[in-house]
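Visitor: I am new to this one. Please show me the structure, and then let me ask how the labels are earned.

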Amino acid sequence: MSVQLNIAEGYAFGDGPTFVRHLRIAYGSAVETGDILVLLRDAEVADIETLASLIDANVEGKACLLGLLRRRNGWRPAQAGTHRS
């Protein structure tokens, strides 16, 4: 739900920097969700078929968010291992 709620909250501010900021936050939430789904799959603690469909949907959702962000301002996610703490 975090992804959807961040998109909705940003949209409420109109088309501008705050909306883009919320899209970035939503993308981060989607990445976290994807990581959790893969962890559940690898740990074999949930139905594999259900997790596979959720992982597929997550990949599609992340791609859509990246498309929106790129259209807004050419934003690209940081490469793994290059972010600062």
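Guide: What follows is a set of short questions, each answered by setting a value against a definition.

Guide: This is a predicted model, where local features need pLDDT of at least 70, side-chain atom pairs count only at pLDDT 80 or more, and totals for chains, interfaces and linings use all residues. Residues are numbered from 1 along each chain as its sequence is written, and side-chain values use heavy atoms, with hydrogens and water left out.

Visitor: How many helices and strands are there in the protein chain?

Guide: The protein chain has three helices and zero strands. The order from the N terminus is α-α-α. Helices (H or I, at least four residues) and strands (E, at least two) are DSSP runs, numbered from the N terminus.

Visitor: What box do the C-alpha atoms of the protein chain fill?

Guide: Along the principal axes, the box is roughly 40 × 30 × 20 Å.

Visitor: How do you know what span helix 2 should have?

Guide: The expected span is 1.5 Å times one less than the number of residues. Helix 2 covers residues 17–43. Its 27 residues should span 39 Å, and the end C-alpha atoms are 39 Å apart, so the two agree. Helix 3 has 26 residues and reaches 37 Å, close to the expected 38 Å.

Visitor: What comes just after helix 2 and just after helix 3?

Guide: Just after helix 2, E44 takes a positive phi of about 55°. Just after helix 3, G74 takes a positive phi of about 70°.

Visitor: Why is L23 called buried or exposed?

Guide: Buried means under 20% relative accessible area, exposed over 50%, and partly exposed in between (1.4 Å probe, protein chains only). L23 has 0% relative accessibility, so L23 counts as buried. L23 is found in helix 2.

Visitor: What does L23 touch?

Guide: Contact means heavy atoms within 4.5 Å. Leaving out residues up to four places away in sequence, L23 touches I7, L65, L68, L69 and R72. L23 and L68 are 45 residues apart along the chain, yet their C-alpha atoms are separated by 7.9 Å.

Visitor: Why is P17 called buried or exposed?

Guide: P17 also lies in helix 2. Its relative accessible area is 72%, so P17 is exposed.

Visitor: Which residues of helix 2 are buried, and what covers them?

Guide: They are F19, V20, H22, L23, A26, Y27, S29, A30, G34 and L37. Their cover includes helix 1 (2–12) and helix 3 (48–73).

Visitor: Which residues of helix 3 are buried?

Guide: L51, I55, N58, L65, L66 and L69 are buried there. Helix 1 and helix 2 are among what covers them.

Visitor: What makes a set of residues a nonpolar core?

Guide: The members are buried Ala, Val, Leu, Ile, Met, Phe, Trp, Tyr and Cys residues, joined through side-chain atoms within 4.5 Å. The largest such core has ten residues: V3, F19, V20, L23, A26, Y27, A30, L65, L66 and L69. Helix 2 and helix 3 are the elements that give two or more residues to this core. Helix 2 supplies the largest share, six residues.

Visitor: How many aromatic pairs does a search of the whole structure find?

Guide: The search finds one. The rings are those of Y11 and F19, with centres 6.2 Å apart and planes at 75°, so the pair is edge-to-face. Rings of Phe, Tyr and Trp (its six-membered ring) pair if their centres lie within 6.5 Å; planes under 30 degrees apart count as stacked, over 60 as edge-to-face and the rest as tilted.

Visitor: Why are Y11 and F19 called buried or exposed?

Guide: Y11 has 64% relative accessibility, so Y11 counts as exposed. F19 has 7%, so F19 counts as buried.

Visitor: Why is N6 called buried or exposed?

Guide: N6 is in helix 1. Its relative accessibility is 12%, so N6 counts as buried. The side chain of N6 reaches the backbone oxygen of S2 at 2.9 Å.

Visitor: What does N6 touch?

Guide: Not counting residues up to four places away in sequence, N6 touches H22, I25, A26 and S29. S29 in turn touches S2, V3 and N6, on the same count. S29 has a relative accessible area of 9%, so S29 is buried.

Definitions and conventions. A polar contact is a pair of N or O atoms within 3.5 Å; within protein, one must be able to donate a hydrogen and the other to accept it, and residues adjacent in sequence count only if both atoms are side-chain atoms.
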